[in-house]
Amino acid sequence: MSDTIPQRAGPNAPLSPHLQVWRFTVTMAASITQRIAGVGNAIGLLLLTLWVASAAMSDSAFAAVNGFLASPFGLFLLFGFTLSFSFHMLNGIRYLFWDAGRGFDKSLASGTAWAAYGGSVVLTLLIFFVGFSVHGGA
């Protein structure tokens, strides 16, 4: 077996299939979004940890963090975290079905990917609607 790097078949041929070879699909987008949502969840959980820790520190620390989260930028971050969490959860359920060997039909896989996107938006809006309704605003 040789330790040399394989040569290209032609001057413009890639070493292996890549984005220029594959047609972009919603299932590919859902896979990429799942990874991005995982990073968003990690960042959002740091924000949630800061909020809980500030409550344990002092009233003034909690008021400062709570004030930041009630600001337009804070609400934007919370909305993004909620959207990230919702998508990651719904798409994760989709992957659980795949792990069980179900849902691999091309049309079903595409449909469930679209459902994960749409469902995450609906779930996020529902969470914010209920939150603002119960809390009475920011």
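**Helix packing and surface of a four-helix chain**

Leu-96 lies in helix α3, where helices (H or I, at least four residues) and strands (E, at least two) are DSSP runs numbered from the N terminus. At 57% relative accessibility, Leu-96 counts as exposed; exposed means over 50% relative accessible area, buried under 20%, and partly exposed in between, with a 1.4 Å probe and protein chains only. The model is a predicted one, in which local features need pLDDT of at least 70 and side-chain atom pairs count only at pLDDT 80 or more, while totals for chains, interfaces and linings use all residues. Residues are numbered from 1 along each chain as its sequence is written, and side-chain values use heavy atoms, with hydrogens and water left out.

Leu-96 belongs to a nonpolar surface patch with Phe-85, Met-89, Ile-93 and Phe-97, and together these residues have about 500 Å² of accessible area. Patches are made of residues with over 30% relative accessible area and no salt bridge (a side-chain nitrogen of Lys or Arg within 4 Å of a carboxyl oxygen of Asp or Glu); nonpolar side chains (Val, Leu, Ile, Met, Phe, Trp, Tyr) are joined within 5 Å, and like charges within 9 Å. Areas were computed by the Shrake-Rupley method with a 1.4 Å probe, and for residues only the protein chains shown count as cover.

The protein chain contains 4 helices and 0 strands, in the order α-α-α-α. Of its 138 residues, 18% are buried. The chain exposes about 9,800 Å², of which carbon and sulfur atoms supply 73%. Among contacts (heavy atoms within 4.5 Å) with a separation of 6 or more, 69% join residues 24 or more positions apart.

The largest nonpolar core (buried Ala, Val, Leu, Ile, Met, Phe, Trp, Tyr and Cys residues joined through side-chain atoms within 4.5 Å) has 6 residues: Val-26, Ala-30, Ala-37, Phe-87, Ala-113 and Ala-116. Helices α1 and α4 each supply at least two residues of this core, and the largest share, 3 residues, comes from α1. Beyond its neighbours within four places in sequence, Ala-37 contacts Ser-84, Phe-87 and His-88. Gln-34, in helix α1, is buried at 10% relative accessibility. With the neighbours within four places again set aside, Gln-34 contacts Phe-87, His-88, Asn-91, Gly-92 and Tyr-95.

Helix α4 (residues 106-135) has 30 residues and an expected span of 44 Å, taken as 1.5 Å times one less than the number of residues; its end C-alpha atoms are 43 Å apart, in agreement. The buried residues of α4 are Ala-109, Ala-113, Ala-116, Ser-120, Thr-124 and Phe-128, and they pack against α1 (26-57) and α3 (72-99).
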